Amino acid sequence: MELTAIAVISIFTLSIFVGFEVVSKVSSTLHTPLMSGANAIHGVILVGAIIVCSHATTTLELSLSVAAIILATINMIGGFVVTDRMLEMFKGKKEVEK
Amino acid sequence: MSDFVYDLIGLAAGVLFILALKGLSHPRTARRGNLLGALGAGIATVVVFFHGDIKNLGWILGAIAVGTIIGVPAARKVQMTQMPQLVALFNGVGGGAAALVAIVEYQIEGKDAPTAFLIFTVFTVVVGCVSFSGSIVTFLKLQELMTTRPVVFPGGRFVIAATLAAVLGTSVWVVVALGTTPLLVVAGFSLAFGILFVLPVGGADVPIVISLLNAFTGLTVAASGYVLNSTLLIIAGTLVGASGTILTRMMADAMGRSLFGTLFGAFTAKPQDSSSAVENRPVRSGSPDDVAILLNYARRVVIVPGFGLAVAQAQHTVRELADLMISKGIDVAYGIHPVAGRMPGHMNVLLAEANIPYDQLVEMEEVNPTFGQTDVAIVIGANDVVNPAAQTSPGCPIYGMPILEVSHAGNVIFLKRSMRPGFAGIENELLYDPKTMLLFGDAKASLTKVVSALKAL
């Protein structure tokens with residue numbers, strides 16, 4: 001199904017407002033993990049890389065899209081793992097408090 | 001799987017991303033937020049295999065395996081001190097991936113595509129490439145594989161302006177003339193622009209640039225979502241673009257930096273006059289025993305940890321010293337600058353790793369008014385965040401950044417490896433102040449000596 005222009009613009013506009021809203025009250029302590037987590041989320045470009053790779057016919061298309069999948073996987077999986085490691089330490093802090 | 005079900009699952013993944021960002025904004029829910037994000041990304045990745053006709057399955061699965069084998073150990077093994085540059089690198093490869101996706105999609109579909117498709121394709125390639133090469137430069141700066149000072153060369157701003165003009169010009173060329181060659185030329189100029197854009201950024205501003213490039217990559221993913229007709233990519237990319245922009249602004253505010261100045265520093269940067277005139281003045285250096293005596297008679301001590309502390313792996317020794325002082329009835333607090341370390345919140349992560357009690361970590365706004373009643377401030381491996389030049393000398397690269405006002409304390413002790421200036425490369429006047437004592441050497445070794453000297457008293 002082709003997206004209509006107005007559908008794209010609506011999704012885009014609403015997502016901007018949601019994006020502004022959800023992070024507007026974050027404390028500076030969490031800036032780094034939040035940046036890292038958001039970074040991992042845009043690793044979802046992996047989905048796009050898989051789609052183009054599944055349509056690739058020439059060697060050039062195939063090799064570029066395979067490279068894209070590798071890079072996107074590093075971004076996505078590495079990003080979530082490193083964010084989790086950072087946040088694990090914040091959890092350790094609470095145990096000390098007890 | 002029908003298109004409807006596929007899109008519905010994509011929407012669910014989008015909602016999970018929103019919940020992830022929301023969760024990541026609060027300490028209690030942050031870890032769950034990250035896991036929700038991972039769940040959303042996982043679902044989105046799995047369902048794409050059940051939608052439409054998937055060719056080259058072996059290649060796809062093999063590439064995912066390779067990416068996992070590279071990404072997971074890197075994320076697992078990285079030292080927490082080096083984590084900011086890893087995030088920069090992950091962001092860069094994401095931007096690179098988006099640019100590649102757009103180039104391949106153009107190869108497949110671009111021959112008789114509508115203008116909107118072309119514009120979004122070019123946008124993805126340009127911003128993806130800028131994000132890729134720019135992130136590589138930030139990585140090199142943070143890893144100190146290249147100088148952390150702003151790199152400015154004569155006529156630099158004209159080179160940058162010319163490169164930007166070339167990017168825009170060749171972009172128009174792609175839309176008008178079509179063809180893969182113009183698209184690759186655009187990619188080349190964009191990579192060059194990314195490098196030139198980040199080179200003049202000084203060390204202290206690097207985190208802001210990483211955050212900005214992160215937002216850029218988000219927007220690239222959103223644009224590629226339009227090209228690939230994927231609602232999920234539009235939602236996810238826009239969310240990251242918008243939240244990343246806000247985050248960049250908040251970081252710039254926390255550091256007292258003008259976002260505009262950071263961004264357009266590339267166009268306005270002038271070579272700095274070096275301040276070598278002041279380098280040979282005398283300083284007062286002390287022994288661990290001198291430091292121990294000073295601490296023994298103090299009533300209140302504030303420890304100011306910096307990146308040097310983390311590099312020396314001295315978190316545990318610092319905790320030992322703090323515990324010892326507390327047992328002697330001394331009031332001890334840690335003064336945490338919002339950008340201590342390499343990024344906002346980085347120091348909290350590093351100290352949490354050493355199990356330092358949370359209630360002893362005091363944020364800048366709260367600790368600053370108490371320096372007047374503080375007998376000793378111990379600055380360990382920090383420099384820029386206590387540099388009074390940020391308040392007194394307009395024109396210096398960190399001017400306007402809020403600092404920890406340790407100069408109001410009765411005595412200031414600096415633990416330093418050498419007289420080398422900090423990450424931002426600026427001389428610190430406080431080092432020459434009569435009430436400052438310097439203890440040279442590796443932070444961990446020095447602290448160990450101070451601890452045993454204090455025990456002996």
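**Entry 1: a rule to start with**

I count a residue as buried if 20 or more other C-beta atoms lie within 10 Å of its own, as exposed if 12 or fewer do, and as partly exposed in between. I tried this on N229 of chain B: it has 14 other C-beta atoms within 10 Å, so N229(B) is partly exposed. A note to myself before going on: this is a predicted model.

**Entry 2: two residues with a positive phi**

I stayed with N229(B) for a moment. Where does N229(B) lie? I found it in the loop between α8 (206–228) and α9 (231–254) of chain B. Its phi is near 60 degrees, a positive value in a residue other than glycine.

I then looked up E144(B), which also is not a glycine and has a positive phi of about 55 degrees. E144(B) sits in the loop between α5 (115–142) and α6 (156–177) of chain B. Is E144(B) buried or exposed? It has 11 C-beta neighbours inside 10 Å, so I put it down as exposed.

**Entry 3: how far to trust the model**

I checked the confidence scores next. Chain B averages a pLDDT of 86, and 94% of its residues score at least 70. For chain A the mean pLDDT is 87, with 90% of the residues reaching 70 or more. Within chain A, confidence is highest in α3(A), at 95, and lowest in α4(A), at a mean of 85. Over residues 92–98 of chain A the pLDDT is below 50, and this stretch has nine contacts in the model beyond near neighbours in sequence.

Chain B has a stretch like this to mark as well: pLDDT stays under 50 over residues 269–278. For those residues the model has seven contacts beyond four places in sequence. For the complex, I noted an ipTM of 0.92 and a pTM of 0.82 from the predictor.

**Entry 4: chain B as a whole**

I counted the elements: chain B has 18 helices and six strands. Its C-alpha trace spans about 80 × 50 × 35 Å along the principal axes. How many of the 457 residues of chain B count as buried? I read off 53%. I also looked at contacts with a separation of 6 or more in chain B, and residues 24 or more positions apart account for 78% of them.

The domain assignment gives chain B two entries to remember: domain 1 (78–268) and domain 2 (285–456). Their centres, taken over C-alpha atoms, are separated by 37 Å. The contact takes 15 residues from domain 1 of chain B and 20 residues from domain 2 of chain B. On the domain 1 side, the residues divide into eight nonpolar, five polar and two charged.

**Entry 5: the sheet**

I traced the strands of chain B and found an open sheet of six strands, in the order β3-β2-β1-β4-β5-β6, with parallel pairing. Which are the edge strands? They are β3 (361–363) and β6 (436–440) of chain B, each of which pairs on one side only. Direction ignored, neighbouring strands of this sheet are turned by 25 degrees against each other on average.

A helix belongs in this sketch too. Helix α15 (residues 346–353) of chain B packs on the sheet and touches β1 (300–305), β2 (331–336) and β3 of chain B. The direction of α15(B) makes about 135 degrees with that of β2(B).

**Entry 6: a closer look at β5**

I followed strand β5 (residues 411–416) of chain B, which runs parallel to β6(B) and is joined to it by five bridges. V412(B) stands opposite T436(B) in β6(B), and K416(B) has F440(B) as its bridge partner there.

Then I turned to strand β4 (residues 376–380) of chain B, joined to β5(B) by five bridges, again running parallel. Here V379(B) has F414(B) of β5(B) as its bridge partner. Why is β5(B) largely enclosed by the rest of the structure? Five of its six residues are buried, so that is how I wrote it down.

**Entry 7: where the chains meet**

Last, I looked at the interface: 79 residues of chain A are in contact with 95 residues of chain B. On the chain A side, the elements giving two or more residues are α1 (5–22), α2 (31–41), α3 (45–55) and α4 (59–97). Which of these gives the most? It is α4(A), with 34 residues. By type, the residues of the chain A side divide into 49 nonpolar, 22 polar and eight charged.

Definitions and conventions: Residues numbered from 1 in each chain as written. Chains lettered and ligands numbered in written order. Predicted model: local features only at pLDDT ≥ 70, side-chain atom pairs only at ≥ 80, totals over all residues. Contact = placed C-beta atoms within 7 Å. Helix = DSSP H or I, 4+ residues; strand = E, 2+ residues; numbered from the N terminus. Nonpolar A, V, L, I, M, F, W, Y, C, P; charged D, E, K, R; others polar. Domains from an automatic or database assignment. Pairing = 2+ DSSP bridges. Axes fitted to C-alpha atoms, helices over the stretch in contact; angles between N-to-C directions. pLDDT = per-residue confidence, 0-100.
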